[in-house]
Amino acid sequence: MDETSQPIEMLLSVSRDGRGLGTQIEAQLRGAIREGRLRAGARVPSTRDLASQLGVSRRVVVGAYAQLAAEGYLTLRQGARPCVAETAQARVLSSAGASVPAAAPRFDLRPRVPDVSAFPRSQWLRCLRDALQAMTNADLGYGDPRGVEALRSALAEYLGRVRGVAAAPERTIVTNGYSQGQGIVCRALIAHGARRIGFENPSHPEQRRIAEKAGLDIVPIGMDEAGIRLDQLERAGVDALVLTPAHQHPTGAVLTGERRQGLLTWLRQRDAIVIEDDYDAEYRYDRAAVGALQGLEPDRIVYAGSASKTLAPALRLGWLVVPPRLLAAVTDEKDLADCGTAGIEQHAFASFLARGELDRHLRRMRARYRRRRDLLLDELAHALPEATVRGIAAGLHATVELPDDYDEQAILDQARRRGINLVTMHDFWIPPSSGAPTLLLGYAQVPIPAIPTAIRALADAIRSTRKR
Ligand SMILES: Cc1ncc(COP(=O)(O)O)c(C=O)c1O
C-alpha cells in the first residue's frame, strides 16, 4: 500500500496487558464506526502513521485493517488512503435494528405533494426581492399576529373572487399552513367551551391528532357518495365539525346541494362551528368550481386554506377567515403560538397574489394535472378493470377501491418492492382499516410518460398478492 499523504490523527490507544494489540485496534475502530463517530467515507490513518502513533509494529495495524476490510468496515485500495466503507453505515443501521434509508422510489403515487418541479421559482424570487426592497425597518420587527396587512387584504380579495368566501382583511389570519390553523382554532374552541369535534370518516389522521392534542374528543361521522351523513351528524352531539366539502379528503366526494342545505340547518340549530378545510378546491376539472360553504354562513364557519397544494408545502403558508365571535381567541392563540408567521414571506406572497401570479400558475397547473388525470384513468381502466375509481372530478388524487378480499398491506409491500410509493386508506378510517380496501393514487408527481409504466407496475403488484 502506498500511503504517503498527510498524516491523520486518531484517538486510539492500546494497552500492553496481554490482550492482542491488533484485536484492540480492531475493536476501537469497529466501535467508532458503529457509534457513528466515524462515518462512511471518513479517512482513517495510514497503517504506517497509526503504527507510529501507537508505538506498535506496522504489521499489527496491517492485520487489523485487513480484518476490518474483510468485515466490510474499511475500504483498502492500492495507492489510496484507507477509509470507512460506504456500506459500513448500512451495516451499522441494520445491525442496530434501525431501518436503512429507502432508495428513491421509481414512482411516487402518494397524494400529499403537488408537482413541485413546476414551482414558479423565478416569479417567487422576484416577489421576495421586491418584498425586501419595499419593507421598512419597522416591517422587520414583530407585527400584527394576524399577519401582514397587505397579505390579509390580498387574500380577502382572492378568496372572495375565486372561492366565494365572505372575507374581510380584519378577520383573515395568516398561518403556517392549514395544520397550524386547525390547531389554533381547536384551542380557541376549547376556550369557548367546546368539548366534542366531529370528523368525516374517513378523514386525515394527522388532523384528528391535532384536534385531540388540543384537548377535544373526536367523534367520527360517516360518509356516502353525497358527502357527510346528516342523520349521524344530528345524533353526534358535537360542538364543532371539520369538513372538506369541496372535495372530501380522502374519498373525493363533493357535498351535494341538498346536503349543504341540511348541514347549514343543523349548524344554525345547534349553533355549532364548522372548520371548512378548502384544501385542494382550486383543482376542479369537469365542472365549475363549487363555492366555499363559508360564504353561506360566515358567522359559524371558519374558512381554512393553504398554499401547500397550489404552490408547495415548504412555504408553510395558510390562512383562516374567522367568524367575529372567535376572532379574539384565535388571534390570541396565534400570538401565543409564534407571534405571527414569517413576515418576509408574507410580503412576498402578497406581491405574488397582487401580480396575478397565483392565478397564472393555477391555470397552467390545472391543464397539466387534467392531462395526467385523464391518462391515469385510461390506464387504470385497462390494467385494473375490477377497481372502482372515485373522486376524480377535483383534487390531485383518485381513490381506487378494490374487491373486499384484497389486502392493503400486502399490496403496499409488493408495490414497495417494485419501487412504487403508495398510500392506502388504512389510517384514514376510524378505527383504522375498517372500510373497503382502497388505494389513494396521487398523480401530481408522476410525469405523463411515466404514468402507463407506473400503473402497469402497480397492477402487477396488486395481482401478485393474489397468487400467494
Ligand atoms: C386534508 C388536508 N388538508 C390540508 C392539508 C394541508 O396542510 P398544510 O397546509 O399544513 O400543509 C393537508 C396536507 O396533507 C391535507 O391532507
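**Group meeting: the ligand site and three backbone details**

Let's start with the site. The ligand takes up the space of the largest pocket. Keep in mind that this is a predicted model.

Who surrounds the ligand? Going up the numbering, Arg 112 comes first on my list, followed by Gly 177, Tyr 178 and Ser 179. Then there are His 204, Gln 207 and His 249. Asp 277, Tyr 279, Ser 306, Ser 308 and Arg 316 complete the shell.

What is the make-up of that shell? Seven of its residues are polar, three are charged and two are nonpolar. Which element gives the most? That is helix α7, residues 177–191, with three residues in the shell.

Now the polar contacts. Ser 179 puts a polar side-chain atom 2.6 Å from a ligand oxygen. For Asp 277, the partner is a nitrogen atom of the ligand, and the distance from a polar side-chain atom is 2.6 Å. Tyr 279 has a polar side-chain atom 3.3 Å from a ligand oxygen. How much of the ligand does the protein cover? On its own, the ligand has 400 Å² of accessible area, and the protein covers 95% of that.

Next, step back to the chain. Its secondary structure comes to 15 helices and 16 strands. The radius of gyration is 29 Å. A compact globule of 468 residues would have a value near 23 Å. Along the principal axes, the C-alpha trace spans about 90 × 65 × 45 Å.

Last topic: the backbone. Where are the cis peptide bonds on my list? One runs from His 249 to Pro 250, with omega near 15 degrees. His 249 also belongs to the ligand shell. Pro 250 sits in the loop between β8 (240–243) and α10 (257–270).

Another cis bond joins Ile 430 and Pro 431, and here omega is about -5 degrees. Pro 431 is again a loop residue, placed between β15 (423–424) and β16 (438–442).

One more item for anyone checking torsions. Cys 339 is not a glycine, yet its phi is positive, near 60 degrees. Where does Cys 339 lie? Look in the loop between α11 (324–338) and α12 (343–354).

To recap the site: the ligand occupies the largest pocket, and the protein covers 95% of its accessible area. Ser 179 and Asp 277 each bring a polar side-chain atom to 2.6 Å from a ligand atom, an oxygen for Ser 179 and a nitrogen for Asp 277. That's it from me.

Note on methods: Residues are numbered from 1 along each chain as its sequence is written. This is a predicted model: local features need pLDDT of at least 70, side-chain atom pairs count only at pLDDT 80 or more; totals for chains, interfaces and linings use all residues. Side-chain values use heavy atoms; hydrogens and water are left out. A residue is near a molecule or strand if one of its heavy atoms lies within 4 Å of it. A polar contact is a pair of N or O atoms within 3.5 Å; within protein, one must be able to donate a hydrogen and the other to accept it, and residues adjacent in sequence count only if both atoms are side-chain atoms. Accessible areas come from the Shrake-Rupley method with a 1.4 Å probe; for residues, only the protein chains shown count as cover. On a 1 Å grid over the protein atoms alone, a cavity is a set of points where a 1.4 Å probe fits but cannot get out, and a pocket is an open set with protein on both sides within 12 Å along at least five of seven lines; lining residues have an atom within 4 Å of a point. A molecule sits in a cavity or pocket if more than half of its atoms lie within 2 Å of its grid points. Helices (H or I, at least four residues) and strands (E, at least two) are DSSP runs, numbered from the N terminus. Ala, Val, Leu, Ile, Met, Phe, Trp, Tyr, Cys and Pro count as nonpolar, Asp, Glu, Lys and Arg as charged, and the others, Gly among them, as polar. The radius of gyration is taken over C-alpha atoms; the globule rule is 2.2 Å times the number of residues to the power 0.38.
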